[in-house]
Amino acid sequence: MICVSIGRGRHRHVIAEHKHLVEQGAQLVELRLDYINGQINLKRVLTDRPGPVIITIRRTQDGGKYNGGEDARVMLLRTAIAEGVEYVDLEEDVAAKIPRYGKTKRIVSLHDFRKTPDSLAELHARLAKLDADIVKLATLANHPHDNLRMLRLVRESQQPTVGFCMGDIGTPSRLLAGRYGSPFTYATFHHERTLAPGQLSFQQMREIYRYDDITLDTEVYGVIGDPIAHSLSPLIHNAAFSAAKLNKVYLPFRIPREDLPGFLDDARELGIRGLSVTIPHKEAVMKALGKIDGAVKGTAAANTIVFEGNELAGFNTDYRAAMDSLAGALEINEQTSNTRYLQGKTALVLGAGGAARAIGYGLLRRGAEVVLASRTSQRAEALAKFLGCRAIDWGTRYNVPADVLVNCTPLGMHPNVDETPYEKHHLKPSMLVFDTVYNPESTLLVKDARSRSCTVVTGVEMFIRQAALQYKLFTGSEAPAELMREVLRKAIGPAKA
Ligand code: NAP
């Protein structure tokens with residue numbers, strides 16, 4: 001069950017949001033009365049309430065907004081209980097002062113906005129002793145392993161326990177809480193009005209992640225990277241899983257660089273069966289892989305992991321997706337054509353990161369002369385040495401007589417949509433221009449290339465293809481690529497010329 005927290009300054013907004021949420025199917029809401037500006041009028045929000053509530057009046061010291069007198073707060077909590085509210089949220093110190101009364105269930109809670117303490121089990125035992133119907137622990141995740149520690153506690157507790165980690169590292173624990181036996185998880189009314197770090201909205205929890213369908217049998221997938229909050233992969237993979245009615249969920253895992261090995265050790269216990277891999281882990285995951293495909297071998301980078309028995313198998317769908325996109329634009333059938341169809345062509349690749357590595361490798365295999373240019377020349381030189389091609393200074397990129405131009409830098413990506421890695425007047429109609437940036441689809445480079453009549457490949461094409469290939473690796477079935485494209489375009493806005 002998802003409990004939606006409402007935190008508004010005015011009583012009438014609290015009432016209106018509550019009514020709206022119940023109409024949308026919310027079964028439980030938390031009224032965060034500490035958000036009310038001025039005097040709290042309990043009767044006003046409780047009389048004629050459309051559904052069950054948790055009453056919470058969180059003090060500033062516990063991460064809330066209430067800064068009035070403690071006696072008045074305790075009085076409000078007692079009154080809420082006397083009014084017969086369904087749940088009341090009591091911090092450890094007040095839980096000891098307020099006795100059980102009537103049918104109101106007691107949530108005894110503890111929040112730690114700095115860390116997930118080592119002594120979770122002790123803290124839990126302390127709270128459970130305070131005549132708790134539900135123990136609630138919300139702590140900040142500083143490391144991905146904190147999520148697993150918290151979820152283990154939820155699973156092993158005798159007492160019903162709502163336990164999750166806050167912060168964007170903690171988001172997966174909010175989504176998996178029910179899988180481990182948590183009676184509910186918290187969401188916010190709107191994704192732009194989070195009341196706690198890492199919180200998702202009711203709509204995201206329900207429509208993207210299908211929270212209420214996640215059970216112990218649900219297979220977990222996800223994307224690992226840092227940062228990860230803006231990744232669109234959860235949106236499109238979950239839409240595809242949902243359309244195929246698969247008992248699978250795809251989560252965003254923010255994994256700091258140094259936490260990668262520990263996270264991969266924890267993955268199976270979290271129910272993880274497959275992962276997409278993004279910056280900064282594509283090369284680092286190599287160490288953990290037992291089995292790799294040819295593209296991973298050739299690029300020394302993987303963007304997909306499948307958990308096969310005790311082994312991790314690595315794939316590079318960026319490579320295949322980029323080459324299929326390119327071949328599509330050139331109307332070449334990669335299966336039947338000469339594999340070196342770019343022989344005699346010069347390809348200028350801008351950037352020297354993971355995308356440049358996969359695409360540079362692919363272009364070389366298809367016979368092109370590849371030239372790399374990137375902001376940091378040492379990085380371009382190192383990649384060129386690895387791939388067996390040439391690197392030039394970023395400032396001399398216009399001197400290369402490029403037949404194929406590939407942007408593998410983030411230049412032009414939202415919100416810096418006025419940037420381009422390659423000035424328009426250097427573009428020639430004979431060029432094929434491939435921009436890997438996919439948000440927006442019509443980057444400035446794509447618009448310029450179209451206006452100069454170049455052949456164009458967009459990042460959306462590559463993004464959908466790499467995701468569709470991952471889907472096939474995750475499920476064994478063909479991906480609903482058109483649906484994935486539609487969902488992506490809806491999220492980033494329509495393609496504009
Ligand atoms: P990455 O590993 O961080 O590499 C980015 C490269 O771009 C680095 O060489 C970086 O240079 C260079 N760069 C960054 N800012 C620059 C600037 N202002 N001027 C010149 N060079 C600059 O990232 P990645 O994984 O390769 O991804 C790069 C881009 O490809 C991203 O925008 C991503 O959206 C896109 N991509 C798309 C797909 C798809 O499916 N469509 C898949 C993967 C990636 P430094 O070494 O100096 O930092």
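A residue counts as buried when its relative accessible area is under 20%. Phe241 has a value of 0%, so Phe241 is buried. This model is predicted. The protein chain is divided into domain 1, residues 2–216, and domain 2, residues 320–461. Their centres, taken over C-alpha atoms, are separated by 49 Å. The points below cover the sheet, the aromatic rings, the cysteines and some backbone details.

**The sheet**

- Eight strands make up an open sheet with parallel pairing.
- The strand order is 7-6-5-4-3-2-1-8.
- Which strands stand at the edges? They are strand 7 (161–166) and strand 8 (185–188).
- Each edge strand has a single partner strand, so one of its sides has no neighbour in the sheet.
- From one strand to the next, the twist averages 25 degrees.
- Strand 3 (residues 53–56) and strand 4 (residues 87–91) run parallel and are joined by two bridges.
- Ile55 has Val88, in strand 4, as its bridge partner.

**Aromatic pairs around Tyr221**

- The structure holds 10 aromatic pairs.
- A pair of aromatic rings is described by the distance of the centres and the angle of the planes.
- Tyr221 and Phe241 form one such pair, with ring centres 5.5 Å apart and planes at 55 degrees.
- That angle is neither under 30 degrees nor over 60, so the pair is tilted.
- Tyr221 belongs to strand 9 (residues 219–225), while Phe241 belongs to helix 9 (residues 233–243).
- The two residues are 20 apart, and the pair links distant parts of the chain.
- Tyr221 also pairs with Phe474. The centres of these rings are 4.9 Å apart, the planes are at 45 degrees, and the pair is tilted.
- Phe474 lies in helix 16 (residues 459–475) and Tyr221 in strand 9, so this pair ties together parts that are 253 residues apart in sequence.
- Are these rings buried or exposed? Tyr221 is buried at 3% relative accessibility, Phe241 is buried at 0%, and Phe474 is buried at 7%.

**An aromatic cluster and two charges over rings**

- Tyr87, Phe164, Phe184 and Tyr186 form one aromatic cluster.
- Tyr186 also has a charge over its ring: the charged end of Lys136 sits 4.2 Å from the ring centre.
- What sits over the ring of Phe386? The charged end of Arg357 does, 4.7 Å from the ring centre.

**Cysteines**

- A disulfide is a covalent bond between the sulfur atoms of two cysteines.
- How many disulfides does a search of the whole structure find? The search finds zero.
- For Cys165, the nearest cysteine sulfur is that of Cys3, 18 Å away. A disulfide needs two sulfurs within 2.5 Å, so Cys165 is in none.
- For Cys389, the nearest cysteine sulfur belongs to Cys408 and is 12 Å away. Cys389 is in no disulfide either.
- Cys165 is buried, with a relative accessible area of 0%.

**Backbone details**

- Most residues other than glycine have a negative phi, and most peptide bonds are trans. The points that follow concern cis bonds and positive phi values.
- A cis peptide bond joins Asp226 and Pro227, with omega about 5 degrees. Pro227 lies in the loop between strand 9 and helix 9.
- The bond from Ile279 to Pro280 is also cis, with omega near 10 degrees. Pro280 sits in the loop between strand 11 (272–277) and strand 12 (291–292).
- Asp131 is a residue other than glycine, yet its phi is positive, near 55 degrees.
- Asp131 is found in the loop between helix 5 (120–128) and strand 6 (134–140).
- Arg210 has a positive phi too, near 45 degrees.
- Arg210 is in the loop between helix 8 (202–208) and strand 9.
- Why is Arg210 called buried and Asp131 partly exposed? The relative accessible area of Arg210 is 18%, which is under 20%, so Arg210 counts as buried. Asp131 has 37%, between the 20% and 50% limits, so Asp131 is partly exposed.

Notes
Residues are numbered from 1 along each chain as its sequence is written. This is a predicted model: local features need pLDDT of at least 70, side-chain atom pairs count only at pLDDT 80 or more; totals for chains, interfaces and linings use all residues. Side-chain values use heavy atoms; hydrogens and water are left out. Buried means under 20% relative accessible area, exposed over 50%, partly exposed in between (1.4 Å probe, protein chains only). Domain bounds come from an automatic or database domain assignment. Rings of Phe, Tyr and Trp (its six-membered ring) pair if their centres lie within 6.5 Å; planes under 30 degrees apart count as stacked, over 60 as edge-to-face and the rest as tilted. Helices (H or I, at least four residues) and strands (E, at least two) are DSSP runs, numbered from the N terminus. A charge sits over a ring if NZ of Lys or CZ of Arg is within 6 Å of the ring centre and within 35 degrees of the ring normal. Two strands pair if DSSP finds at least two bridges between them. Axes are lines fitted to C-alpha atoms, for helices over the stretch in contact, and angles run from 0 to 180 degrees between N-to-C directions.
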